[in-house]
Amino acid sequence: MEAGGSREREARNYLEKHQIMELLKYLTSVLLFIRPEKPREYLIAILEKLRIAKATGVAFPFFMDHSNITAMFDMMDSSKKGTISFVQYKEALKTLGLCPADEVLKDDGHAITLDKFKSEVKRMRPRALA
């Protein structure tokens, strides 16, 4: 019984070490958001850009631009108040692969505006899949 538990622990450690689950979540989110005509080719292109970025030391390519981030915020702000809740903000960062599930974000009690959302996405991008 221990051998199976050991193997499972090794697998989990491997996935965590290489941030595989974050990568898969990010790729899935990008696919669902952009919905490219040829998803396999699109994924191959993203992974190739990631490989080049890692090999050259260039920052990880972030595939959502200003309009995509604004659109995501607008979808969460269904009442058009100009703000989203902290819970929505945290889930969006997780969906984008910018915030690991175990990271603790502090809720300062203020609603999140579009400007704050954009600045946080921009701030967290460099460390995504570093």
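The face of helix 6 that is turned away from its buried side carries the exposed residues D115 and K122. Keep in mind as you look at them that this is a predicted model. Now turn helix 6, which spans residues 114-124, around to its other side: here F117, E120, V121 and M124 are buried. Seen down the helix axis, these buried residues fall within an arc of 100°, so they line one face of helix 6.

What covers that buried face? The cover of the buried residues of helix 6 includes helix 4 (66-76), strand 1 (83-84), helix 5 (86-95) and strand 2 (112-113).

Let us step back for the overall layout. The protein chain has six helices and two strands, and from the N terminus on its elements run α-α-α-α-β-α-β-α. Of its 130 residues, 32% count as buried. If you take the contacts with a separation of 6 or more, residues 24 or more positions apart account for 59% of them.

Helix 5 is a good next stop. Its axis and that of helix 6 come within 11 Å and cross at roughly 35°, and the crossing in which helix 5 passes helix 6 is right-handed. Which residues make this meeting? From helix 5 come Y89, A92 and L93, and they meet F117, E120, V121 and M124 in helix 6. Sorted by class, this contact of helix 5 with helix 6 has six nonpolar residues, no polar ones and one charged residue. The residues that helix 6 brings to helix 5 can be found again in the list of its buried residues, F117, E120, V121 and M124.

On the helix 5 side, the buried residues are F86, Y89, A92, L93 and K94. Helix 6 is one of the elements that cover them, and the cover also includes helix 2, helix 4, strand 1 and strand 2.

With these helices in view, we can look at the nonpolar interior. In soluble globular proteins, nonpolar side chains tend to be buried together. The largest nonpolar core here has 17 residues, and those with the most contacts inside it are I84, Y89, L93, L105, F117 and V121. Helix 4, helix 5 and helix 6 each supply at least two residues of this core. Apart from it lies another core, of six residues, among them Y26, L27, V30 and I46.

Helix 4 deserves a closer look. Its buried residues are N68, I69, T70, M72, F73 and M76, and what covers them includes helix 2 (20-34), strand 1, helix 5, strand 2 and helix 6. Two of these residues are worth following in detail.

The first topic is T70, whose place is in helix 4. Why does T70 count as buried? Its relative accessibility is 17%, and the cut-off for buried is under 20%, so T70 falls on the buried side. Leaving aside its neighbours within four places in sequence, T70 is in contact with L114 and K118.

Then comes M72, which also lies in helix 4. M72 is buried, with a relative accessible area of 11%. Its contacts, leaving aside neighbours within four places in sequence, are F33, A92, T95, L96 and F117. Two names here are already familiar: A92 and F117 both take part in the meeting of helix 5 with helix 6. The C-alpha atoms of M72 and L114 are separated by 9.9 Å, although these residues are 42 residues apart along the chain.

Finally, let us visit the loops, with the backbone in mind. Most residues other than glycine have a negative phi, and most peptide bonds are trans. Where does Q19 sit? Q19 has its place in the loop between helix 1 (2-17) and helix 2. Although it is not a glycine, Q19 has a positive phi of about 50°. At 25% relative accessibility, Q19 counts as partly exposed.

K80 is the other residue to inspect, and it is found in the loop between helix 4 and strand 1. K80 is not a glycine, yet it has a positive phi of about 60°. Is K80 buried or exposed? K80 is exposed, with a relative accessible area of 58%.

How values were computed
Residues numbered from 1 in each chain as written. Predicted model: local features only at pLDDT ≥ 70, side-chain atom pairs only at ≥ 80, totals over all residues. Heavy atoms only, no water. Buried < 20%, exposed > 50% of the residue type's maximum accessible area, 1.4 Å probe, protein only. Helix = DSSP H or I, 4+ residues; strand = E, 2+ residues; numbered from the N terminus. Arc of directions from axis to C-beta. Contact = heavy atoms within 4.5 Å. Core = buried A, V, L, I, M, F, W, Y, C linked by side-chain atoms within 4.5 Å. Axes fitted to C-alpha atoms, helices over the stretch in contact; angles between N-to-C directions. Left-handed = near helix turned anticlockwise from the far one by under 90°. Nonpolar A, V, L, I, M, F, W, Y, C, P; charged D, E, K, R; others polar.
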